[in-house]
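Open the model in your viewer and keep the sequence panel beside it. Each stop below says what to select and what to look for there.

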Amino acid sequence: MERIKAEVSLKAISDNLFETTKHIKKDVRRIAVVKADAYGHGAVEVSKYLQKASGISDFAVATLEEALELRQNGIKGTILILGYINPERAKEAEENEITLSVGTVDYAKAIYTYASPDSHLQVDTGMSRMGVYCHKKEDVTFALKEIKKIKEITKDKLKGVYTHFVQSDIPESNLTSIQYESLISLISACKEEGITFEMKHCCNSLGAVNFGDFALDAVRIGICLYGYESKNLTPAMTFKTNVIKIFEGKKGDTVSYCGTYTLEENKTIAVCSAGYADGVSRHLSNKGYYIINGKKANILGRVCMDLSMVDVTGIPCNVGDEAIIFGKELPADKVAEICDTISYETLCNVGKRVPREYII
């Protein structure tokens, strides 16, 4: 009996990719976003499967370490780093054919002082985060001046351009259209100056779902790969633990640290071998629940580092029974709602010490 594990359905991930992009033209490239260890699902295994089963040849990560891990495990094709790297390590990126993102003149200078890797231009069309500032059409003139300087530094290594939508989850969002128009205006202005890009992309998962007409040359599919944020998707991960002890708690007993829960009546309590070090949020303390034999078992008291206690009064339950922390029966977005967060964080929080078991 394993104390805890995360079951990952690779077929569900492949199916989710198809479902998310089925209305996108076939010649538009699908970029699989596998940063943060594929949102906790295992970047190497997910990438290998998508490359083999779905023909994916483009991947996106956040760090150089994540990109190198993919290369060292045989992942071919384009690997785009969406985040920052230490410029002194740019040679490693170039040697491993890893594509970087550049969004400022100073960063471009720093990177190309050490090496000449392929790169994509980041454009800030509304996120107020990374990239050349171009929130509206009237910003194009300023942005173009910056891009011309970046182009002088990167020369023929500037292969792509992209932005990130703020409200792609809102189908009626006018801001998304404004962002798209800003990007297109900037790309047109660049073309007039002889600056062209081999790959242009702006749609993330929900951008592809809700704004498919904006797909351009590629779409970046992240959270939807793993079964969340859109309809007709299958949660790819089932995070589960086991019951390791069952006992009868008496009225007046306190449960777990700080005594935040006191039994108002006798209850049957199950101890489960999962805690916050595994990825069970402490925000679930006294609020969340697991699924045991198809029934809701409320979490009692504080979630501990390695253990958690649940109420199994009236639930047929034995030592060794599975307790579903999240999965198809209890989706991660429902757990996230209880914790006042989002499914992304709930998935990414599944700890490294939790073994992943991959199924087709």
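## The whole chain

Show the cartoon: the protein's secondary structure comes to eleven helices and 19 strands. This is a predicted model. Turn on the principal axes, and the C-alpha trace spans about 80 × 40 × 40 Å along them. Now colour by accessibility. Of the 360 residues in the protein, 52% are buried. A contact map is worth a look too. Take the contacts between residues at least 6 apart in sequence: 65% of them join residues at least 24 apart.

## Stop 1: helix α1

Select residues 10–21, which form helix α1. This helix has twelve residues and reaches 17 Å from first C-alpha to last, close to the 16 Å expected at 1.5 Å a residue.

Is α1 largely enclosed or open? Nine of its twelve residues are buried, so α1 is largely enclosed by the rest of the structure. Show these as sticks: Leu10, Ala12, Ile13, Ser14, Asn16, Leu17, Glu19, Thr20 and Thr21. Then bring up the elements that the buried residues pack against. They are β1 (4–9), β2 (29–33), α3 (43–53), α9 (205–210), β10 (218–221) and β19 (356–359).

## Stop 2: helix α3

Move on to α3, one of the partners of α1. Its buried residues are Ala43, Val44, Val46, Ser47, Tyr49 and Leu50. What do they pack against? Select α1, β2, α2 (35–39), β3 (58–61) and α4 (64–72). Before leaving, click Gly55, just after α3: its phi is positive, at about 70 degrees.

## Stop 3: the α6 and α7 pair

Select residues 105–114 for α6 and residues 140–154 for α7. The two helices pack at an angle of about 0 degrees, and their axes are 9 Å apart. That makes α6 roughly parallel to α7.

Now show side chains at the contact. On the α6 side, pick Val105, Ala108, Lys109 and Tyr112. They meet Glu146, Lys149, Ile150, Ile153 and Thr154 in α7. By type, the residues of this contact divide into five nonpolar, one polar and three charged.

## Stop 4: an aromatic cluster

Display the aromatic rings. A search of the whole structure finds eight aromatic pairs. Start with Phe165 and Phe214. Their ring centres are 6.3 Å apart and their planes stand at 65 degrees; planes over 60 degrees apart count as edge-to-face, so this pair is edge-to-face.

What does the pair tie together? Phe165 lies in the loop between β8 (158–162) and α8 (174–192), and Phe214 lies in the loop between α9 and β10, so the pair ties together parts 49 residues apart in sequence. Both Phe165 and Phe214 are buried. Add Tyr180 and Phe211 to the selection: ring pairs link these two with Phe165 and Phe214 into a cluster.

Stay in the loop between β8 and α8 and click Ile170. At 28% relative accessibility, Ile170 counts as partly exposed. Beyond its neighbours within four places in sequence, Ile170 is in contact with Asn210 and Phe211. Draw a C-alpha to C-alpha distance from Ile170 to Phe197: they are 27 residues apart in sequence and 28 Å apart in space.

## Stop 5: strand β11 and a loop beside it

Select residues 237–249, strand β11, and centre on Asn242. Is Asn242 buried or exposed? Asn242 is buried, with a relative accessible area of 9%. Leave aside its neighbours within four places in sequence, and its contacts are Met1, Glu2, Arg3, Val271, Cys272, Ser273, Gly320, Asp321 and Glu322.

Next, click Asn318, in the loop between β17 (308–311) and β18 (322–326). Outside its neighbours within four places in sequence, Asn318 is in contact with Val243 and Ile246. Asn318 and Lys328 are ten residues apart in sequence, and their C-alpha atoms are 22 Å apart in space.

## Stop 6: two positive phi values

Finish in the loops. Ser128 is in the loop between β6 (119–124) and β7 (132–133). Its phi is near 55 degrees, a positive value in a residue other than glycine. Ser128 is exposed, with a relative accessible area of 55%.

Then go to Glu229, in the loop between β10 and β11. Here phi is near 80 degrees, again positive in a residue other than glycine. Glu229 is partly exposed, at a relative accessible area of 36%.

Key:
Residues are numbered from 1 along each chain as its sequence is written. Side-chain values use heavy atoms; hydrogens and water are left out. Axes are lines fitted to C-alpha atoms, for helices over the stretch in contact, and angles run from 0 to 180 degrees between N-to-C directions. Helices (H or I, at least four residues) and strands (E, at least two) are DSSP runs, numbered from the N terminus. Angles under 35 degrees count as roughly parallel, over 145 as roughly antiparallel, 65 to 115 as roughly perpendicular and the rest as oblique. Contact means heavy atoms within 4.5 Å. Ala, Val, Leu, Ile, Met, Phe, Trp, Tyr, Cys and Pro count as nonpolar, Asp, Glu, Lys and Arg as charged, and the others, Gly among them, as polar. The expected span of a helix is 1.5 Å times one less than its number of residues. Buried means under 20% relative accessible area, exposed over 50%, partly exposed in between (1.4 Å probe, protein chains only). Rings of Phe, Tyr and Trp (its six-membered ring) pair if their centres lie within 6.5 Å; planes under 30 degrees apart count as stacked, over 60 as edge-to-face and the rest as tilted.
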